[in-house]
Amino acid sequence: MKKELSAFPVGNKNDAYARYFVGQSYLAPLCASPIPTFNVTFEPACRNNWHVHHAGAGGGQLLIVIAGEGWYQEEGKAARRLSVGDVVCIPANVKHWHGAAKDCWFQHLAQEIPGEDTYTEWCEPVSDEQYDALQ
Ligand code: MN
């Protein structure tokens, strides 16, 4: 398994959100304000469940890939392969998931874009069948 991590802190096991992930992830809060920013580290094949960053105005999420290889997918669209330097602008209210490639660790910075009435809705896991079909 390829494991080349960035210089950003890895943080602790992401226990608070473990029930919304398949596999082991780690979470390092980098700053709280004005834009909450985290480093999220995924072990190979780890991914989060389908989810929606809801907002009445503004909101959404920005991902900046800093290590490894991974995936991003919006519902109804083909998955997008991600590698270092890729940026994903996730609009508010769009169902999606993100996570590592099968054979590689993955890290992205995640920024929670401020907005009104923001909350994240966690949905079903990305099934092994869906995940294993990615290429
Ligand atoms: Mn997201």
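These notes cover the manganese site and the salt bridges of a predicted model.

1. Manganese donors. The manganese ion takes its protein donors from four histidines and a glutamine: NE2 of His-51, His-53, His-96 and His-98, and OE1 of Gln-61. These atoms lie 2.2 to 2.3 Å from the ion. Along the sequence the donor residues follow the spacing H-x1-H-x7-Q-x34-H-x1-H. His-51 belongs to strand β6 (residues 51–54) and His-96 to strand β11 (residues 96–100), so this pair ties together parts 45 residues apart in sequence.

2. Burial at the site. His-51 has a relative accessible area of 1% and is buried. His-96 is also buried, at 0%.

3. Arg-47 and Asp-128. The structure holds five salt bridges. In one of them Arg-47 pairs with Asp-128, with 3.0 Å between the closest N and O atoms. Because Arg-47 sits in strand β5 (residues 47–48) and Asp-128 in helix α1 (residues 128–132), the pair ties together parts 81 residues apart in sequence. Arg-47 is buried, with a relative accessible area of 3%.

4. Glu-69 and Arg-81. This salt bridge has an N to O distance of 3.2 Å. It joins strand β8 (residues 61–74), which holds Glu-69, to strand β9 (residues 80–83), which holds Arg-81. Glu-69 is partly exposed at 21% relative accessibility, and Arg-81 is partly exposed at 41%.

5. The Lys-95 network. Glu-124 and Lys-95 form a salt bridge at 3.1 Å, N to O. Glu-124 is in the loop between β14 and α1, and Lys-95 in the loop between β10 and β11, 29 residues apart. Glu-124 is partly exposed at 39%, whereas Lys-95 counts as buried at 18%. Glu-75 joins these two residues in a network of salt bridges.

Technical notes:
Residues numbered from 1 in each chain as written. Predicted model: local features only at pLDDT ≥ 70, side-chain atom pairs only at ≥ 80, totals over all residues. Heavy atoms only, no water. Donors = N, O, S within 2.8 Å, 3.2 Å for Na, K, Ca; no water. Helix = DSSP H or I, 4+ residues; strand = E, 2+ residues; numbered from the N terminus. Buried < 20%, exposed > 50% of the residue type's maximum accessible area, 1.4 Å probe, protein only. Salt bridge = Lys/Arg side-chain N within 4 Å of Asp/Glu carboxyl O.
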